[in-house]
Amino acid sequence: MTDHTWNPLLREQLAQHWTGQLRDRLDGLTDDEYFWEPAPGCWNVRPRGTGTTPVQAGSGAMTIDFAMPQPDPPPFTTIAWRLGHVIVGVLATRNAAHFGRASTDYQSFEYAATAAGALAQLDTEYATWLAGVESLGEADLARPCGEAEGPYAERPLAALVLHINRELIHHLAEVCLLRDLHLHTHRQTRQEAS
């Protein structure tokens, strides 16, 4: 086996989904879709000082809704919230812990005030993650994740890569479904008004 035997397969799993099924579906995301709250009590990304949740995290003009512990059942989350979670909780914190990105977390991150801004953040963090994974050899993939991964510190880094792949596929598919729901809900409303 050569140095990067498993690495291309791990990257291919995510990259094929990203380029073949996902990223084009996010193009043209509008601010209306980004902030749309399809159910009462949604968690969202909001202008600072306008949230009502116990935790309103973020360092800039926008904050993301949170509560610790999470309510049961958890609130429905918007596209903005889901993208914020993917950008920060799934990618940026891992990029910081494993691939040299500046340290960040939900509290210190500056959330995007527009859909275009969020997609630019997503593209940046995805590119950093993919380049970081590409830099790993077989020995790196087998080494423990380390303390940044808490109770999973002893799991191999390859397990983290697979976990991040699952998280991105899962949450970004939800974003695509919410876009479809927004389109069909608003199309129906426009037809009824005609």
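In this predicted model, Pro47 stands opposite Met62, a residue of strand 3. A second pair lies along the same two strands, with Arg46 facing Thr63 of strand 3. Strand 1 and strand 3 (residues 62-66) are joined by 3 bridges and run antiparallel. Strands of a sheet pair through backbone hydrogen bonds, and the pairing can be parallel or antiparallel.

Strand 3 also has a partner in strand 2, and these two pair in the antiparallel sense over 3 bridges. Here Ala57 has Ile64 of strand 3 as its bridge partner. Strand 2 and strand 3 form a hairpin with 4 residues between them. In the turn of this hairpin, Gly58 has a positive phi of about 140 degrees.

Put together, the 3 strands make an open sheet in the order 1-3-2, with antiparallel pairing. Strand 1 (45-47) and strand 2 (55-57) are the edge strands, each pairing on one side only. From one strand to the next, the twist averages 40 degrees. Helix 3 (residues 79-99) packs on this sheet and touches strand 1 and strand 3. The direction of helix 3 makes about 90 degrees with that of strand 3. How many residues of strand 3 are buried? The count is 5 of the 5, so strand 3 is largely enclosed by the rest of the structure.

It helps to step back to the whole chain at this point. The secondary structure of the protein chain consists of 6 helices and 3 strands. Read from the N terminus, the elements follow the pattern α-α-β-β-β-α-α-α-α. The C-alpha atoms fill a box of roughly 65 × 35 × 30 Å along the principal axes. For 194 residues, a compact globule would have a radius of gyration near 16 Å, and the 18 Å of the protein chain agrees with this. Of the 194 residues, 43% count as buried. Among contacts with a separation of 6 or more, 66% are between residues 24 or more positions apart.

Two loop residues give a closer view of the surroundings of the sheet. Asn44 is placed in the loop between helix 2 (31-35) and strand 1. Is Asn44 buried or exposed? Its relative accessible area is 2%, which means that Asn44 is buried. Beyond its neighbours within four places in sequence, Asn44 is in contact with several residues, among them Tyr34, Phe35, Thr63, Ile64 and Trp81. Thr78 is also one of the contacts of Asn44, and the side chains of Asn44 and Thr78 make a polar contact at 2.8 Å. By contrast with these contacts, the C-alpha atoms of Asn44 and His163 are separated by 24 Å, with their positions 119 residues apart along the chain.

The other loop residue is Tyr111, found in the loop between helix 3 and helix 4 (115-134). Tyr111 counts as buried because its relative accessibility is 5%. Leaving aside neighbours within four places in sequence, the contacts of Tyr111 include Val45, Ala57, Gly58, Met62 and Ile64. Gly84 and Val88 are also among the residues in contact with Tyr111. The side chain of Tyr111 reaches the backbone oxygen of Tyr106 at 3.0 Å. Tyr111 and Ile87 are 24 residues apart in sequence, and their C-alpha atoms are 9.2 Å apart in space.

Further along the chain, His171 lies in helix 6 (residues 157-193). With a relative accessibility of 13%, His171 counts as buried. Which residues does His171 touch, not counting those up to four places away in sequence? They are His85 and Val86. The side chain of His171 makes a polar contact with the side chain of His85 at 3.5 Å.

The cysteines complete the picture. A search of the whole structure finds 0 disulfides. Cys176 is in no disulfide, and the nearest cysteine sulfur, which belongs to Cys42, is 18 Å away. Cys176 counts as buried because its relative accessibility is 5%. Cys145 is buried too, with a relative accessible area of 7%.

Terms used:
Residues numbered from 1 in each chain as written. Predicted model: local features only at pLDDT ≥ 70, side-chain atom pairs only at ≥ 80, totals over all residues. Heavy atoms only, no water. Pairing = 2+ DSSP bridges. Axes fitted to C-alpha atoms, helices over the stretch in contact; angles between N-to-C directions. Contact = heavy atoms within 4.5 Å. Buried < 20%, exposed > 50% of the residue type's maximum accessible area, 1.4 Å probe, protein only. Polar contact = N/O pair within 3.5 Å; in protein donor to acceptor, adjacent residues only side chain to side chain. Disulfide = S-S within 2.5 Å. Rg over C-alpha atoms; globule rule 2.2 N^0.38 Å.
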